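Here are my notes on the model, jotted down while going through it with the viewer open. They are in numbered points so you can reply to each one separately.

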Amino acid sequence: MPFRIGAGRRLRAAALVAAVGLSSLVGCASGGDDDEVAQQLTVFAAASLSGAFTEIAEEFEATHPGVSIRLGFDGSSGLVDQLAGGAPADVFASADVRTMDRAVAEGLVAGEPTPLATNVLTLITPPGNPAGITGLDDSLDGARLVVCASVVPCGAAARTLADAAGIDLAPVSEESTVTDVRGKVTSGEADAGIVYATDARAVADRVERVPIAGADAVPNVYPVAVLDRAADSEMARLFVDAVTGPEGRAILAEHGFGPP
């Protein structure tokens, strides 16, 4: 059955108390009683993919009756920690190749990961840019800057750009996910944050975007893979195919991701 866009089905989100300890675990259900669901697929994905993957999962359920997709979003490195600790999942999508390589090295991945999308970093500020941030430069001196922790892909990429610009970052906070960085800025707790362009786009009405010179030259490549412990590797592969196929990439593009 082909994967298609625009089914317009409503998501049913459920907050769960899960042993894996994910910061965000969302259930997408295609409707009906729980006993009508023949199969559940669990997808772990980088926090920056939350909007796009929620939409893709909804459309996948629409074209695969009886399949329920449960989405777990967190920092990519934290997700690998959970998978290495035995957390059950079928598919993993990382915000960079380095973290996926770690998953491969730890024997968590079945087959070869597939490039999914690209993303670039940008600065965001509260509306009006009250601190006068102009870029990854000395305008950040004394500003309340928030970034991702260095073990997280967005944090590693931020430090690469800072090194290239000859800037020493002095953040007031380092977060475990890019969405947490975004939240610090939108709440007014920070003068600036380094996030992905897709995160800036998601809150465009609540922040101002300040481009980072050279960011386009060092994009983050997002890979996705079927996991070695997938309960149904065939269904997991179908989901990966949906994500990396034309329709899935069209949804990713709508959320601001670039091609892989």
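**Notes on helix α4 and its surroundings**

1. Let me start with the burial pattern in α4: Pro 153, Cys 154, Gly 155, Ala 156, Ala 157, Ala 158, Leu 161 and Ala 162 are buried there. Bear in mind throughout that this is a predicted model.

2. Does the length of α4 hold up, and what should its 13 residues span? At 1.5 Å a residue, helix α4 (residues 153–165) should span 18 Å, and its end C-alpha atoms are 18 Å apart, which agrees. After α4 comes Gly 166, and the phi of Gly 166 is positive, near 70°.

3. Next, the disulfide. Searching the whole structure turns up one, and it joins Cys 148 to Cys 154, with the sulfurs 1.8 Å apart. The link of Cys 148 and Cys 154 is left-handed, with -100° about the S-S bond. Are its two ends buried or exposed? Cys 148 has 1% relative accessibility, so it counts as buried. Cys 154 has a relative accessible area of 2% and is therefore buried too. Note that Cys 154 is also among the buried residues of α4.

4. Then the largest pocket, where α4 turns up again. The space in this pocket is about 190 Å³. Its lining has 17 residues, and those nearest its centre are Pro 153, Ala 157, Val 218, Pro 219 and Asn 220. Which elements supply at least two lining residues each? They are α3 (97–105), α4 and β11 (220–227). The largest share, five residues, comes from α4. By class, the lining divides into twelve nonpolar, three polar and two charged residues. Pro 153 and Ala 157 are worth a look here, being listed both as buried in α4 and among the residues nearest the centre of the pocket.

5. On enclosed space: how many cavities of 30 Å³ or more does a search of the whole structure find? There are two. The largest cavity holds about 70 Å³ of space. It is lined by 14 residues, and the closest to its centre are Ala 46, Ala 47, Gly 75, Val 152 and Val 178. Eight residues of that lining are nonpolar, five are polar and one is charged.

6. The second largest cavity has about 40 Å³ of space. Leu 83, Ala 87, Ala 89, Gly 107, Leu 108, Leu 227, Asp 228 and Arg 229 make up its lining. Sorted by class, that gives five nonpolar, one polar and two charged residues.

7. I'd pick out Ala 89 from that lining. Ala 89 sits in the loop between α2 (76–84) and β4 (91–93). With 7% relative accessibility, Ala 89 counts as buried. Its C-alpha atom is separated by 9.0 Å from that of Gly 72, and the two residues are 17 residues apart along the chain.

8. Last, the aromatic rings. The count comes to four aromatic pairs. Phe 53 and Phe 239 form one of them, edge-to-face, at 6.0 Å centre to centre and with 75° between the planes. Since Phe 53 lies in helix α1 (residues 50–63) and Phe 239 in helix α7 (residues 233–244), the pair ties together parts that are 186 residues apart in sequence. Both Phe 53 and Phe 239 are buried.

9. Phe 239 has another partner to check. Phe 60 and Phe 239 also form an edge-to-face pair, with 5.4 Å centre to centre and 80° between the planes. This pair again links distant parts of the chain, Phe 60 being in helix α1 and Phe 239 in helix α7, 179 residues apart. How accessible are these two rings' residues? Phe 60 counts as buried because its relative accessibility is 0%. Phe 239 is buried, with a relative accessible area of 0%. Taken together, ring pairs link Phe 53, Phe 60 and Phe 239 into a cluster.

Terms used: Residues numbered from 1 in each chain as written. Predicted model: local features only at pLDDT ≥ 70, side-chain atom pairs only at ≥ 80, totals over all residues. Heavy atoms only, no water. Helix = DSSP H or I, 4+ residues; strand = E, 2+ residues; numbered from the N terminus. Expected span 1.5 Å × (residues − 1). Buried < 20%, exposed > 50% of the residue type's maximum accessible area, 1.4 Å probe, protein only. Disulfide = S-S within 2.5 Å. 1 Å grid on protein atoms, 1.4 Å probe; cavity = no way out; pocket = protein on both sides within 12 Å on 5 of 7 lines; lining within 4 Å. Points joined across faces, edges and corners; volume = space filled by probe spheres on them. Nonpolar A, V, L, I, M, F, W, Y, C, P; charged D, E, K, R; others polar. Phe/Tyr/Trp six-rings, centres within 6.5 Å; stacked < 30°, edge-to-face > 60°.
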